[in-house]
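Q: Can you walk me through this one? I'd like to start with the strands.
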Amino acid sequence: MPHGTLPVLDVQDLKTVFKTRAGEVHAVNDVSFHLQKGELLGVVGESGSGKSVTMMSLLGLLPMPPAEIRSGRVMFEGQDLLTLDPKGLRSVRGARIGFIFQDPMTSLNPVFTVGHQIAEPLRKHMGMSKKRAAERSIELLELVGIPDAGRRLYDYPHQFSGGMRQRVMIAIALACDPQVLIADEPTTALDVTIQAQILELMKELRDKLGMAVIWITHDLGVIAGIADRVMVMYGGQVVEHAPVHELFANPQHPYTSALLKTIPSISGKRAARLTVIEGQPPLVLGAPTSCPFRDRCAQAMPVCAVKVPPRYDVGEGHDAACFLVDPLEVANAG
Ligand code: SF4
């Protein structure tokens, strides 16, 4: 973190478990990260890596039970979100921290006009009059690039294309000028041209409004052009974290290297066959006692089966949770 600047969001040692008949699933294990004002943090991993559960834990969006937040601290605007009651959390969620979900068709209510749905948080969180909320809704639709915004306010979600619905979701999330915007796979359901437009729009809005963004995705390629930093998650843990250029140029964790090989090249050379990461992400039953990636790791050593690798510092703002970066562990294995 740059010296002297306080992060807008600071998460420390977050641990979330789900109580199931099979036992306790440790979905988020000691996750720590921070977010500076105006920066875009990419959070990458396969399904089941814990990225969405981490973000839902911050905002109290998980059903409890079966979920339980065991420990951690989530500092935002001087308060620990994990200590807020449901009313306090609701006043943060959708206002100071915006959230964009994956599928705009199921996230928007089909029986209300988009104007109604944008105006709702403005009236609820910002106490705007009906008239002022309608004016602000038009401004927001214009901001996200919806033409003829004054008329489109009265349309229903089914009258918008997939890309336009996603823009409406972004407008709703931006309505109350959030400090932080969390976008959970927001372009996955869209075709590649629309994906590129939405990414470009997010970049523009981040620069214009100065908010910090957390962009969750399973695809490293998607965030290569927009993220400042990237956090790679696996088995409910942060396995690597670095500035985006550093992560692409100098990956340290075998999982990050494998993820990078799954990105198609556009260099013009005949592409080598894309790599598939063999095996499945683990379901962590019980507290982790080993490296979560060891069953899929070609470089696993005996220590990987008996200890959880800590996050080793490997460079400026770069850390990796792998024993391969610890010369002592490698020497012991040799
Ligand atoms: Fe592979 Fe061991 Fe590193 Fe885990 S800690 S990624 S198993 S080498």
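Q: How many bridges join strand 4 to strand 5?
A: Two bridges, and these strands run antiparallel. Strand 4 covers residues 67–76. Two strands pair if DSSP finds at least two bridges between them. Strands (E, at least two residues) and helices (H or I, at least four) are DSSP runs, numbered from the N terminus.
Q: What is the bridge partner of Met75?
A: Asp80, in strand 5.
Q: What order do the strands take in the sheet?
A: The open sheet has four strands in the order 2-1-4-5, with antiparallel pairing.
Q: Why is one side of strand 2 and of strand 5 left without a neighbour?
A: Strand 2 (23–35) and strand 5 (79–80) stand at the edges with a single partner strand each, so one side of each has no neighbour in the sheet.
Q: Can I trust the details?
A: This is a predicted model: local features need pLDDT of at least 70, side-chain atom pairs count only at pLDDT 80 or more, and totals for chains, interfaces and linings use all residues. Residues are numbered from 1 along each chain as its sequence is written, and side-chain values use heavy atoms, leaving out hydrogens and water.
Q: New topic. Which peptide bond before Pro65 is cis?
A: The one from Met64 to Pro65, with omega near -10 degrees. The bond from Pro65 to Pro66 is also cis, with omega near 15 degrees. Pro65 lies in the loop between helix 1 and strand 4, and Pro66 lies in that loop too.
Q: And what about phi at Asp30?
A: Asp30 has a positive phi of about 55 degrees, though it is not a glycine. Asp30 lies in strand 2. Most residues other than glycine have a negative phi, and most peptide bonds are trans.
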